[in-house]
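Trainee: I should like a close look at one part of this protein, its pockets. Please describe what lines them.

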Amino acid sequence: MTAIPLPNPTVPGFHPDPSVTRAGDDYYLVCSSFEYLPGLPVFHSRDLAHWTQIGNALDRPGQLALAKIPTLGGAWAPTIRHHDGRFWLVVTEAMGRGSLLFTADRAEGPWSDGIVMQGVSGIDPDIAWDADGTCYVTYSGLRLDGDSPGDHLGIQQVRIDPETGRALEEPRSLWSGTGLMFPEAPHLYEIDDTWYLLIAEGGTERGHAVSIARSTRPDGPFEGCPANPVLSARSTDRPIQNTGHADLVRTPDGGWAMVMLGMRPRGLTRAFSPMGRETFSAPVEWVYGWPVIRPVEPSPPGPPVEHTDDFTAPSLAPEWLSVRTPAADWSSLTERPGRLVVHADGSTMDDPCPRFVGRRQQHQAAEFSVRVDCSGGIGGLSLRIDELHHYDIEVGAGVARARARVGGIGQNWEHPLPTTATTTGEVTVRIETEPLGGTGPDALGPDLVRLSFETDAGRVELAALDGRYVSAETAAAFTGRVVGMYATEGSVAFDRFRYRGEDPPPR
Ligand code: 6LW
């Protein structure tokens with residue numbers, strides 16, 4: 001078992017379905033990204049504890065076709081592997097073209113344009129090779145399209161030609177867990193001449209679990225571990241819930257570790273997770289040829305984290321995200337040096353392709369602020385789960401406006417802007433999330449979301465809203481909060497973006 005202290009969360013903020021691979025002394029981790037571009041964030045580490053985002057695997061037009069992808073669809077559950085001197089990445093473009101295969105000489109990229117894996121018709125593809133070089137793709141047989149969407153054929157496997165992505169045979173069914181619903185997230189490993197099949201089952205909600213089986217062959221038959229599920233937080237009061245969708249990796253000190261997704265629900269009944277599914281990790285020890293994983297517990301909260309962006313770099317940092325369309329198509333870092341200029345097309349945050357550039361909320365107590373020059377339009381900051389669940393603070397046309405949209409129901413709060421602000425256009429807008437900790441009826445939600453603006457006449461809070469309605473469970477979202485700048489009219493210039501986050505002690 002590794003002696004490396006693995007912090008939890010390991011990669012905070014909405015980073016679900018993690019997959020990790022080792023290349024020499026370097027580790028690389030990727031996560032799902034759904035309707036966001038650029039797709040599939042890529043992280044690097046040398047110790048599995050400290051991760052730095054080094055880019056996004058799918059950062060060019062054409063690698064992902066998201067423009068018409070419905071909410072919930074998009075880039076689901078990648079697997080990254082290093083094999084034969086190359087990096088390989090398989091992922092499902094859910095509700096789109098299906099399962100895709102990408103390669104790169106370096107994990108930083110550039111990655112290939114991607115090919116559709118003909119004959120792989122499910123989700124959560126894994127890619128593995130045997131000693132002879134035969135390539136196996138193992139996947140969850142969940143049907144998302146075709147004649148009977150929602151049908152589930154269990155864990156499936158085909159041999160493929162890795163150069164063309166084409167299946168070389170009809171799929172076969174493999175061991176599919178202990179009988180819990182939704183066997184998925186398979187990963188295949190050869191460890192000391194034994195083949196292991198790791199899967200998730202129980203569904204990605206509070207019943208999520210990790211189970212494992214082993215065989216002498218990569219195509220089975222597999223024998224399930226007598227201790228399955230080997231990891232789950234179901235029916236416990238642990239602060240970290242939904243643990244599942246795991247991947248195994250050897251650690252620098254010769255031990256083993258597992259990364260997986262989890263959630264940090266809060267509120268009186270611990271029902272709401274503002275940041276959605278995040279990446280966690282745990283040490284693994286092997287007993288009688290089976291992995292033993294201790295329950296995933298949160299690390300003691302660290303000091304506050306601060307990020308600033310003055311938009312002086314030639315391109316946006318990799319953490320910045322847009323929704324379904326690339327930010328480069330309608331924003332500029334050169335028109336007004338030191339500012340991000342966003343050109344509106346009339347879309348708002350209620351639309352599928354808003355002119356929005358955001359980053360993940362990564363701490364339970366978070367503050368986002370940005371200075372807005374609204375002399376040329378209307379824009380501001382939005383805290384977004386999706387187009388039906390978002391809280392916004394915007395300025396322009398002489399007015400500051402807070403907007404709440406929950407399931408399409410909307411409410412606005414308005415306040416005139418001081419004339420100085422209207423002429424200079426310079427207003428700072430702010431979104432703060434304040435975790436609730438009490439036990440009274442006012443603590444049902446996970447936090448309060450405060451929407452305010454500030455001019456030289458002072459700060460005005462327009463609304464303080466219940467955060468449960470912009471949480472993953474309420475929105476039935478696979479993502480989590482993304483907070484960022486948007487424009488709905490004209491052109492709006494942003495600078496002095498500030499993020500400050502910290503986590504209160506776990507409840
Ligand atoms: C992912 C699958 C899942 O492909 O959700 O609920 C999908 N389980 O493993 C998106 O995260």
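Mentor: The following account treats the two pockets in turn. This is a predicted model, in which local features need pLDDT of at least 70 and side-chain atom pairs count only at pLDDT 80 or more, while totals for chains, interfaces and linings use all residues. Residues are numbered from 1 along each chain as its sequence is written, and side-chain values use heavy atoms, with hydrogens and water left out.

A pocket here is an open set of points on a 1 Å grid over the protein atoms alone, where a 1.4 Å probe fits, with protein on both sides within 12 Å along at least five of seven lines; lining residues have an atom within 4 Å of a point. The volume is the space filled by probe spheres set on points joined across faces, edges and corners.

The largest pocket has a volume of about 810 Å³. It is lined by 39 residues, of which Pro9, Thr10, Pro12, Gln362 and His363 are the closest to its centre. Strands E5 (52–58), E24 (305–309) and E28 (356–360) each contribute at least two lining residues; strands are DSSP runs (E, at least two residues), numbered from the N terminus. At least three lining residues come from each of domain 1 (19–175 + 239–293) and domain 2 (305–502), with bounds from an automatic or database domain assignment.

The second largest pocket holds about 620 Å³ of space. Among its 31 lining residues, Pro38, Asp59, Pro326, Ala327 and Ala328 are the closest to its centre. Strand E5 supplies the largest share of this lining, three residues, and strand E26 (331–332) supplies at least two. Domain 1 and domain 2 each provide at least three residues of the lining of the second largest pocket.

Notes. Helix = DSSP H or I, 4+ residues; strand = E, 2+ residues; numbered from the N terminus.
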